[in-house]
Amino acid sequence: APGGGIGAAVVDILLLSLFGLQHSVMARSGFKAWWTRIIPAPIERSTYVLASSLFLGLAMWLWQPIDGIVWQVESTTAVYVLYGLFAFGWLLVFVATFLTDHFDLFGLRQVYLHLARKTYTQVPFKTVFLYKFMRHPMMLGLLISFWSVPTMTMGHLVFSVVFSLYIWIGIQFEERGLLKELGKDYAAWHSKTPMIFPIGRG
């Protein structure tokens, strides 16, 4: 499709904001308490994942191209390096999901336990491998992938900027909830482990 200007950027930002709103609101404990009065608790998480996928799909479907290229890497070596970082970022995301509980994260464990007539138990708090060095390796992987591209179009820049801001804002809300839910063990780990980049503190 032909590229647009400010109007296209506004549409794209609204689409990403809709996804962010859904992704954040449905993750809050108050919404979950209300939502599970309507749907069975065992499918709450998988319904959340489904809704997130639908809103992301909506953004992909209605996404508007934006005129302009921010940067274009010409060096073949640099292009391979950037694509390598891009792939590494997504691999980091994938690995991080298994370091906690991949199937619980996507709501599959909850449904399986319900169908097997077993009681659901929370995944215990643990800090293994990547989580010994940072609190959010999954978010680091996403950030690496968002920005590691040899051709940065204006549309991709809008996507990367908005989602990077959303990640930072979303982490603040997520960690407040985890501090309430997991208590002093999480607070102690939180105080000594960097947020995203495995250097420094906080």
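**Figure 1. Contacts across the chain in this predicted model.** Take the contacts with a separation of 6 or more: 73% of them join residues 24 or more positions apart. The chain has 9 helices and 2 strands, and reading along the sequence gives α-α-α-β-α-α-α-α-β-α-α. The C-alpha trace spans about 55 × 40 × 30 Å along its principal axes.

**Figure 2. Phe146 meets Phe159, edge-to-face.** The chain has 16 aromatic pairs. In this one the ring centres are 5.2 Å apart and the planes sit at 85 degrees, past the 60-degree cut-off, so the pair counts as edge-to-face. Phe146 belongs to helix α7 (residues 137–147) and Phe159 to helix α8 (residues 154–182), so the two rings tie together parts 13 residues apart in sequence. As for cover, Phe146 is buried at 7% relative accessible area, while Phe159 is partly exposed at 23%.

**Figure 3. The wider ring cluster.** Zoom out from that pair and Phe146 and Phe159 turn up in a cluster with Phe19, Trp63, Phe163 and Tyr166, linked by ring pairs.

**Figure 4. Arg176 over Phe173.** Here the charged end of Arg176 sits over the Phe173 ring, 5.3 Å from the ring centre.

**Figure 5. Surface and charge.** Of the 202 residues, 32% count as buried. The accessible surface adds up to about 12,300 Å², with 71% of that area belonging to carbon and sulfur atoms. There are 15 positive and 10 negative charges, and their mean positions lie 13 Å apart.

Technical notes: Residues numbered from 1 in each chain as written. Predicted model: local features only at pLDDT ≥ 70, side-chain atom pairs only at ≥ 80, totals over all residues. Heavy atoms only, no water. Helix = DSSP H or I, 4+ residues; strand = E, 2+ residues; numbered from the N terminus. Buried < 20%, exposed > 50% of the residue type's maximum accessible area, 1.4 Å probe, protein only. Contact = heavy atoms within 4.5 Å. Areas by Shrake-Rupley, 256 points an atom, 1.4 Å probe, with all protein chains shown as cover. Lys, Arg positive; Asp, Glu negative; His and termini not counted. Charge placed at Lys NZ, Arg CZ, Asp CG, Glu CD. Phe/Tyr/Trp six-rings, centres within 6.5 Å; stacked < 30°, edge-to-face > 60°. Lys NZ or Arg CZ within 6 Å of the ring centre and 35° of its normal.
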